[in-house]
Amino acid sequence: MLRTRAFWQLQFIHQPDSILNMGNCIQGVKDFFCRPKNTNVRVSLPMVCFVWQIAMIILFGVFIRYDEESDTHWSEHRKSHNISSDIENDFYFRYPSFQDVHVMIFVGFGFLMTFLKKYSFGAVGFNFLIAAFGIQWALLMQGWFHSLDHTDGKIKIGVESLINADFCVAGCLIAYGAVLGKVSPVQLLVMTLFGVTLFAVEEFIILTVIHARDAGGSMVIHTFGGYYGLAISWVLYRPHLDQSKRLQGSVYHSDVFAMIGTLFLWMFWPSFNSAITDHGDGQHRAAINTYLALASTVLTTVAISSVFQKKGKLDMVHIQNATLAGGVAVGTAAEFLLTPYGSLIVGFCCGILSTFGYLYISPFMEKRLKIQDTCGVHNLHAMPGVIGGIVGAITAAAASESTYGHEGLINTFDFEGDFKDRTPNIQGGHQAAGICVAIVFGIGGGVLVGIILRLPIWGDPADDNCFDDEVYWELPEDEESIPPILEYNNHMSNKQQEMSESNFSVEQS
Amino acid sequence: MLRTRAFWQLQFIHQPDSILNMGNCIQGVKDFFCRPKNTNVRVSLPMVCFVWQIAMIILFGVFIRYDEESDTHWSEHRKSHNISSDIENDFYFRYPSFQDVHVMIFVGFGFLMTFLKKYSFGAVGFNFLIAAFGIQWALLMQGWFHSLDHTDGKIKIGVESLINADFCVAGCLIAYGAVLGKVSPVQLLVMTLFGVTLFAVEEFIILTVIHARDAGGSMVIHTFGGYYGLAISWVLYRPHLDQSKRLQGSVYHSDVFAMIGTLFLWMFWPSFNSAITDHGDGQHRAAINTYLALASTVLTTVAISSVFQKKGKLDMVHIQNATLAGGVAVGTAAEFLLTPYGSLIVGFCCGILSTFGYLYISPFMEKRLKIQDTCGVHNLHAMPGVIGGIVGAITAAAASESTYGHEGLINTFDFEGDFKDRTPNIQGGHQAAGICVAIVFGIGGGVLVGIILRLPIWGDPADDNCFDDEVYWELPEDEESIPPILEYNNHMSNKQQEMSESNFSVEQS
Amino acid sequence: MLRTRAFWQLQFIHQPDSILNMGNCIQGVKDFFCRPKNTNVRVSLPMVCFVWQIAMIILFGVFIRYDEESDTHWSEHRKSHNISSDIENDFYFRYPSFQDVHVMIFVGFGFLMTFLKKYSFGAVGFNFLIAAFGIQWALLMQGWFHSLDHTDGKIKIGVESLINADFCVAGCLIAYGAVLGKVSPVQLLVMTLFGVTLFAVEEFIILTVIHARDAGGSMVIHTFGGYYGLAISWVLYRPHLDQSKRLQGSVYHSDVFAMIGTLFLWMFWPSFNSAITDHGDGQHRAAINTYLALASTVLTTVAISSVFQKKGKLDMVHIQNATLAGGVAVGTAAEFLLTPYGSLIVGFCCGILSTFGYLYISPFMEKRLKIQDTCGVHNLHAMPGVIGGIVGAITAAAASESTYGHEGLINTFDFEGDFKDRTPNIQGGHQAAGICVAIVFGIGGGVLVGIILRLPIWGDPADDNCFDDEVYWELPEDEESIPPILEYNNHMSNKQQEMSESNFSVEQS
């Protein structure tokens, strides 16, 4: 009740009924919004899945084709382009990185969110569902914006498109982290539909129009994804979420599962940041920088986690999350000459900041800003993403021909075509502009999508029913814990019966 | 008792004792078959492991050598073949895909089967054992049939041989899924020995004699493996398996473990289907097609799973298994010009069919056909494998020089040497013939091997002892769950004693 | 008390107080050493992390730069060195193997050690911490010894440096296995600091001075790491460790977690052994040999595990550990012409030996040699490492131009520059010398570091507090297991009350 009233106030607070003269109408709408929660998704979920998948098939039929390197005409293409060997097919430059990114999306993000004691199915299962839908929609959206072949109106896809689709989905999975346990699968699919759409537009503006560089997506993926999720979470604020408090923690084994996610994200982050950078030195350098930044983050995360707990005990939440912040924060600058010690410094600062975020900023945001951020995406993605954007802008602005070499500078920043007159200084400014675009799209888009998600038709759980797999999953009966007790009860009641009988007999005698 | 009598009837029903005049003999054999189950494998398991491993060493010593690309003469070979760089060694074309396939075999299949509440050790451990044996035997068997160097009578192995060995083992691991929890490790090793042998022959017939194409092994691996397992399970039918019903379900954490298997299979399936396709565009295209088919399958699996449960709740069994069917079903056609939307359509249909399989076909098979299929391999491998074969046949028949290009058509279907006059139409027919061969070998081989596995010497568990790691594993004492109860009992009995004493005293007073 | 006295005796046994005339002083020192254990690391852990990480940043700033293949001048370098394509950047030769090694370090070693019932956080978390520190320190130490550019005094790093850093850390993680659960994170960091330093020196002596070959690090990594850990464990001997006996076993799910580690180590070991071998045939051959040795090990491990247990049941400890011994033991010889059957034989023997180790040698070492080896690193690393060194020495000594080819021999053993006159025979002797160096550094270094770690300032746990995450981690409350019991108790006591009341009433009536 309170929840919907709060929403109501948000919408109509400056519009007194007398002026609008639509009291009855509002009452009707109010009733509509105040219906008790119905988490039955038996119609909506299958329908959305079917209709959207059919739409995908039709759109793929109309638009999507293989690119030259994945087509059977490749051998002719090879000869005409004087490519000496099959090994120069882009597949061999990018496929290993692609698979690493793929693991991050499905196992990394999926298992990172299994930390809740009774939401592991939802974490890994819904992550699976929305990623599977998102990559298809992303291939289309990104294709229309980036790789539409204007001669035949078709989108040509290859391994780089698959990586970009995975990247795009990463933004939506980050947003999922903020609303984990509080939304229905249908809401998640809607969130993904709009998220991918917004992502493609935002990416087009940042990378193509502004011509900012963002290899690992600090701005494009993490800043956007983080604020998108936080804005949705803000609109969907649940004042009575403490009714689900019993399920908001972890258990021992769920924390170990989450470490699987953490480690696969941590290990493969160098592939993430280098996956679509320039062949050769670009990929090489991006991997090295990310490797170093991440290593540095682990140490400062441990330090801050320990120093702020009694007896210096470590908190698993920090180890699971803040250790990854360094990877986010070198995303933009990873392909630049950030230098190895520069990477370490970025990681150093982000480990501290991110852990602080978990200790102080998240509780503050929940209490004061009414943003309930289940996984702390603000500390792991949004904030480090902005830092990454700033680091990128500074590194770009500081670039010079003397350090990069003439050709190196042009290659690294792609100062070609329309942008051949751009200088590093100007590039730095454009990088900074990119951060703003990402934030604006994230918050703006999130608020809009959040309002759509408040419609009471999506089957989201009630406040006392959050973080519970019971709502959307057939759960196995946990025989392990129950039977001993039951058995015992039977056993005991027999004993007691005997006992009381014996008591009787004693008394009777 | 019933189980062995059923078998007996199967064997001897048409041979009345009077005719054979060997009643006594049969009685002796009957006694032999009706002995109570003895699951002690302390002699048989070590013996089989030792003897077979020693045989492998001898056979490897006689037959197996490094191929030219893994031999120290490679640099001379390189020069004489005008290969410009070490990077053109087949290792760099295939090793990343090989490692992905390797992960699917050991972690993918292994963890997918950990879903049972008390059979995780057996799932992941026996999977490990039989795969480790199988890859050695497969190198020999496939070597004899495919890569025997007739100048010196040696088998030359390289990274592609390792992938093929992993593929071969995949067939046996699929079969393991059908009998999971109902057989002993010795039976599994026997099953693998024969399975690999049958596989190599079947593969030789399909790929070399018939000259069908089957990049991802829809026919060769999945159809064969699925029916092989189902036929074995049929012969080993256990009428009283419901005595182990308490252990046939999952628990919460075992389902999360199984998701590790699902996801690693799902993510790396594009590598599986592209691992041994042609360098360049072939690998590239196979990976894209598989990626898309799998994405599509996830959505229809969720849809069907939700629509057939009360309240639209999802069933973990479907998410764990049916989501993979799309990868199976594009196995054959992945390297063809299936087109991106064609892949989506195949995935779409298979998600639906496979989930239906789990809902209706599996229970039907268990009740009517007496096939107990623990992991539902019929729905995940056998049926999608056949579909994959059909899709491959149609796609091949529909191929034309106008879409593939002259060279592309020859490369894709390998219309060279003896087969240089083959047309796509004829190829389509041969693809269809391949499906039949796979089914025949699967069912025929499975029945034969099943009969061998009925011999009462393999140490398989009794009907009330299935799905239980206790039988073949030293289990840790689960102190967590037991002591509180024990403690409590002690505590209670003390209390009761006190109580009854106090009763006494009350009475006496 | 006993523990510190034992140490005391070790140090001062030959120095009677009367001679030294410093009784009071000794008493003071004794008191210092006998203080009750204080596991509070709130000051020491953050301080060590911060100070060391800052030191890393400074040292990286002074010394570490990108190498030519990861620098923006690569395209100029390419042209001047006549490299035809970006694909010949070392990144594409080594990156897939690097990522596999990375997974082994963080997931493989981390999860392998999660088998203890209440030390999973420590296993995977501290593994994460020390590996993240170790790789940074290793880049510096190995850089100073191996890749210092003498023209500008800088260390140039590329993907091969990252692999070597991961290798170096592997040595320390092996050592962690021996002391798992008995040391504080600060001790682990100290152990890693010295371990990496010793490793770099030892590696320099073995690979550069002696010019032994050791592709997979049987000597350099496994022998050194194993003995380093065992020596530390010997110095840190805890006579009353049985006070923590209740926590020294596994539970069902923790064993399944450990299998994740086992399998990722097992699967990626071919990448480990081939990661830094020669481009082309070297990497190819090393991968094949390791693949085969590991397969063979699994069968003999199962055989021995089964034959020594009652009823032939398998022991998870063996499956988790001994199955990996084959990979260790082909480490040195993997790049040589070990031949496929040679690899099988090595794996065969190591599976047997390593399992025997777990059955008999480890208990013997604990009782007689006072070495408490939590993970059995002696059986998995130290012993197979020595065998690997011996196999390498024999294989090298047996090499000849007739089998390797003239060029092949030179390439494989790097008989160039100062070593161009070396013969295989002499090389064999030098390989053997390498084993001795590794053992000496392991034991010597371990004893020294062990003595440092006995200082009572590191926050290590008391004997009755080992193997417990409670000491260094904020643990989630395991609601699952506790409430039913509590609930039950309440319920029962009510019942009893009622019962005794009813008894009373019966009596009274």
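1. In this predicted model, one residue pair in chain B is a convenient place to start. B:Leu148 has B:Ile155 in β3(B) as its bridge partner. The strands concerned are β2(B) and β3 (residues 154–157) of chain B, which pair over two bridges in the antiparallel sense.

2. Which order do the strands of the open sheet in chain B follow? The order is β1-β3-β2, so written for a sheet of three strands with mixed pairing. The edges are formed by β1 (64–66) and β2 (148–149) of chain B, each of which pairs on one side only.

3. Next, the chain A record. UniProt, in an unreviewed entry, places the feature "domain: Ammonium transporter AmtB-like" at residues 90–455 of chain A. Over residues 90–455, chain A is 73% helix and 2% strand. The C-alpha atoms at the two ends of residues 90–455 of chain A lie 45 Å apart.

4. How are chains A and B related? Two copies of a chain are related by a rotation about an axis and a shift along it. Here, a turn of 120° with a shift of 0.0 Å along the axis lays chain B on chain A, with an RMSD of 0.0 Å. This is therefore the relation of a three-fold axis. The copies use different surfaces: of the contact residues of chain B, 16% recur in chain A.

5. Which residue of chain B comes closest to the rotation axis? The residue is B:Pro96, whose C-alpha is at 3.5 Å from the axis.

Key
Residues are numbered from 1 along each chain as its sequence is written. Chains are lettered from A and ligands numbered from 1 in the order in which they are written. This is a predicted model: local features need pLDDT of at least 70, side-chain atom pairs count only at pLDDT 80 or more; totals for chains, interfaces and linings use all residues. Side-chain values use heavy atoms; hydrogens and water are left out. UniProt positions are given in the numbering used here, feature names are shortened, and annotations may be inferred rather than shown by experiment. Helices (H or I, at least four residues) and strands (E, at least two) are DSSP runs, numbered from the N terminus. Two strands pair if DSSP finds at least two bridges between them. Copies are superposed by least squares on the C-alpha atoms of residues with pLDDT of at least 70 in both. Contact means heavy atoms within 4.5 Å.
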